[in-house]
Structure formats: C-alpha cells, structure tokens
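Welcome to this short tour of a protein model. Please have a look at the structure below, and then we will walk through some of its parts together.

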Amino acid sequence: MSATPGRVAVIGGGPAGLFAAERIRAAGHEVDLFERMGSVGRKFLMAGKGGLNLTHSEPKAAFVQRYREQATPVGEWLHDFDADDLRAWARGLDIETVIGSSGRVFPADFKAAPLMRGWVRRLRAQGVRFHVHHRWTALDSERRLQFETVSGHVSFAADAVVFALGGGSWAKLGSDGQWVDALRHVGVRVRDLEPSNCGFECDWSPQLRERFAGAPIKSVCARWQEVDGQWHTRQGEFVLTENGVEGSLIYALSAPLRDQFNRNGVAELRLDLFPSQTREQLRQRLGSPRRGETRSKQLARCLGLKDARLALVRDCANKATINDDDMLCQSVKSLAVPLLRTRPIDEAISTAGGVRLDALDNQLMCRQLPGVFFAGEMLDWEAPTGGYLLTACFASGARAAEGVVAWLQNTPYT
Ligand SMILES: Cc1cc2nc3c(=O)[nH]c(=O)nc-3n(C[C@H](O)[C@H](O)[C@H](O)COP(=O)(O)OP(=O)(O)OC[C@H]3O[C@@H](n4cnc5c(N)ncnc54)[C@H](O)[C@@H]3O)c2cc1C
C-alpha cells in the first residue's frame, strides 16, 4: 500500500457499503462509515425475516444471466467475488450456510441478526469508524462531503468516497432514493429509479377483492414476451391482493412486464391455470353438466376450478367464454390478466435504474468525479429474488473497494 493511509468515506451502511469498508480497511486505509439511520443494515435485517436468501447455488453461467441486460458487467464483478466466496465469507463470521430445495442459499439458522451483529463487531474491532444519524446531502469536486446530523451540519474531506446508498424502496429502512437529485446535481448520470421485484395493480371486481384478496394461486405457468420477441414460460405461484397481484412468480416477471409498460403503455400477464393438462384433456374432463347443476358447480366438480381461481377467470374472461366449453378450456390455458400499473416503488423488494454503469469505469469509479466510487443496489442493474440481489451488492462492494485501494496507491488500473 501507499506510505500514508488514505482517508476514505463510505456512505451507506447496507451490505454493499459495509463490505467495501471491510475490504478498504483490510488494505490499511482509514475508513469512516456514514449512515443516515440510527443503526446499519436495516434492510439486510428485514431480509432476515424471509430467511435471508444470501445467494444461489446454480451454475455460474445461469447465475450471471439473472442480471439481464447487465449480465456482462455484473459477471465481471462476480468473476472476482461469487456465490462461493460469499458463503466462505459468511463462514468467516461463524455462519454456516445451507442450500434449500430450490437451490437458494441461506444461513443455517435462517437469521440475519447474528451475522450482522458479528460483522459490525468485527468491523469496529478492525478500526472502521461508524457515524450513524449522518445523512449525506452534498459533495463537491474536491470530495468534500456534507452531512445533516442531529447537531447540525458536518463536513468531511475524503481522499476517496464510496457511495452505497441503496435503491428507493422500503424508505423507512433508510434507502429512500433521495440521492438521485444530489448526484445528478454534480453531474453523475442516473437512470430514473423504478420498482423491481414488485406487485402489479389490476382492476378487480368488488367480489374478487372482497372475497379473495390474500388468496394464493398455486402451480400455474406464466408466459411472457421479452424485448427480443422471445416467449418464455415459468411455473410458480402468486397471491391475489386487494389491488392486483404479487408474490414470487410476479416478482420474477416484474422486469419484462415493466418493460412492456414502458414500451407499449400496457402489459398483460398470460397464465396457464392447468399446466399439466392439455386443452383437449380439460375438454374431456369437463363432460356434460348434471341435471340442474350450475356452471360454477360443474367447473368445480369436473376441473377443480373454484374459489379464487374461478373468481380470477370470471374477472378476466367474459361470460360467453366461461359458458362455452371450448372457449373456456382455451381461455384457462392462456388467461390474459390485464395489468394497470406497477405497485408504488416503496413497496418493491428492490429497484431498477440508478447510477449508470457507463458513467463509471470498470472499478466503479465515476469518470466525472475521480476518487468517487459506487456500489450496491444504487447502481443500474436488477435481478430477481433468489439471493442474486445481495450477491451483486457484495460483489460490487468488493469491486469498488479494489478500485479505491488502487486509486489511493495511485496505480493506474484498466
Ligand atoms: C423485504 C425485503 C426482503 C429482501 N430479501 C432479500 C433476500 O432474501 N435476498 C436478497 O438477495 N436480497 C433481498 N432483499 C434485497 C436486499 O436487501 C437489497 O438489495 C440490499 O440490502 C441492498 O444493499 P445496499 O447495501 O446496496 O443498500 P441498502 O441495504 O439499502 O443500504 C443502503 C444504506 O444507505 C443508507 N443511506 C441512504 N441514503 C443515505 C444518505 N443520504 N446518507 C447516509 N446514509 C444513507 C441507508 O439508510 C441504508 O442503510 C430484500 C429486500 C427487502 C425490502
């Protein structure tokens, strides 16, 4: 390292910022970590409520493709720090990980708090200085930072800065996306934040809303078209909500569905409610109604189409279709569910958009602002749930840290 340690400000105490701080401190530099909330890692701890899906065990080639349009740059970060490295790192904090039946990787106790507690304790012991209740507000070209604190404004001059301010969802946990304007103000190119892994709104009938909000729709197959025109299918489940649809299958499709909205102003979810049966098999099972049997009773008896599933079909197909055997069997194999809009960004699991990667060099330093680096969800990439979000946050934190260390050594990198 250089003869004199550098003075580095890391802003944002989520996994990306904490990991960058750890790596920079390990290289011998002074690290001050600033966090606007009263404690760090609040979104990480919230992720723990769902078992903390740290990463995924699928092969690297498939893993990298989860980052869609940004598979190439994110793949470069993952080249240096991947899912196995993340598991090994957790082991260094005495947290063993397990692979679930879906290939997702979790801490063996499915908790985030022991990991976060051990991590912060270790960072403090290593000499990272924490400054909570420090909200970053401004930066100048000399890397002088301004913070709002409970006791007024504070300035900090840094040799290098890592911003890891998170996306724009679940603002109550700290990452409120307010940084977008402040960074644009100093010339950083930022793509508007949009919800990712989010629910969508539908124009439900009062009957569906009142009787079936909260009902799961299991084992269905969704079909959707990507920007390149290719059709894809995915089996899974989702939940009907008062306003629309949410849940793992919907989250997994949120990026292409949102892109459809952005392109065409409308989006449609196509559902096969009977993925294991052909239309002809359904037609045979439907048979004829018993004497005096209502259509609803016949559909329940012959196809098991009842309750929330039937309400969904009634909301999305017209009466003539439902009453005609052929048309019904065709419709339930490709039910068109019109989507009105995404749910608000604050409800989303993560955000798309952010600091444009083409505004940064490959060590995640802003070309406009030498010595200023970015990491984590605030960068312009997105991925489905499954551990891909946290993995890329750690990997980008590692990449930015490496860039900071090289920058402070004044060694040119490529
Ligand atoms: C409910 C939920 C469950 C999730 N579960 C999973 C999961 O199981 N697996 C997975 O991979 N991902 C999951 N995620 C997503 C994952 O938690 C995030 O992608 C990840 O935390 C982002 O890390 P980050 O460090 O980039 O940002 P964050 O974790 O959001 O941290 C950013 C930090 O910056 C601070 N900050 C913001 N602005 C300022 C400012 N102006 N000044 C100072 N500090 C500031 C914030 O307070 C925050 O502490 C989940 C998300 C949610 C909401």
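Let us begin with Trp170, which is found in the loop between strand 10 (160–163) and helix 7 (179–185). Helices (H or I, at least four residues) and strands (E, at least two) are DSSP runs, numbered from the N terminus. This is a predicted model, in which local features need pLDDT of at least 70, side-chain atom pairs count only at pLDDT 80 or more, and totals for chains, interfaces and linings use all residues. Residues are numbered from 1 along each chain as its sequence is written.

**Two unusual loop residues**

Most residues other than glycine have a negative phi. Trp170, however, has a positive phi near 50°, and Phe110 also has a positive phi, of about 55°, without being a glycine. Phe110 is found in the loop between strand 5 and helix 6 (113–126). Are these residues buried or exposed? A residue is buried if 20 or more other C-beta atoms, placed from the backbone, lie within 10 Å of its own, exposed if 12 or fewer, and partly exposed in between. Trp170 is buried, because 20 other C-beta atoms lie within 10 Å. Phe110 has 14 C-beta neighbours inside 10 Å, so Phe110 counts as partly exposed.

**Strands side by side**

Strands of a sheet pair through backbone hydrogen bonds, either parallel or antiparallel. Here two strands pair if DSSP finds at least two bridges between them. The table lists three antiparallel pairs.

| Pair | Bridges | Bridge partners |
|---|---|---|
| Strand 4 and strand 5 | 3 bridges | Thr97 and Pro107 |
| Strand 7 and strand 8 | 4 bridges | Trp136 and Phe147 |
| Strand 8 and strand 9 | 6 bridges | Leu145 and Phe156 |

Strand 4 and strand 5 belong to an open sheet of 3 strands with the order 3-5-4. Strand 3 (55–56) and strand 4 (97–99) stand at the edges with a single partner strand each, so one side of each has no neighbour in the sheet.

Strand 7 and strand 8 form a hairpin with 4 residues between them, and Arg143 in the turn has a positive phi of about 60°. Strand 8 and strand 9 also form a hairpin, with 2 residues between them. Strand 9 (residues 152–157) is hardly covered, as 0 of its 6 residues are buried.

**Around the ligand**

Which residues are closest to the ligand? They are Gly12, Gly14, Gly166, Gly174 and Gly376, in a shell of 38 residues (each with its C-beta atom, placed from the backbone, within 6 Å). Helix 1 (15–26), helix 2 (42–48), strand 7 (135–139) and helix 15 (388–409) each give two or more residues to this shell. Helix 2 gives the most, with 5 residues.

**Two domains**

An automatic or database domain assignment divides the protein into domain 1 (7–196 + 351–409) and domain 2 (200–342). Their C-alpha centres lie 38 Å apart. Where they meet, 8 residues of domain 1 are in contact with 7 residues of domain 2, contact being C-beta atoms, placed from the backbone, within 7 Å. Strand 11 (residues 190–196) provides the largest share of the side of domain 1 that touches domain 2, with 3 residues.

**One helix to finish**

In helix 12 (residues 307–316), the buried residues include Arg309, Leu310, Leu312 and Cys316. These cover an arc of only 155° around the axis, so they are on the same side of helix 12; the arc is that of the directions from the helix axis to the C-beta atoms. The buried residues of helix 12 pack against strand 13 (216–225), strand 14 (231–240), helix 11 (295–303) and strand 17 (335–339).

Conventions:
Two residues are in contact if their C-beta atoms, placed from the backbone, lie within 7 Å.
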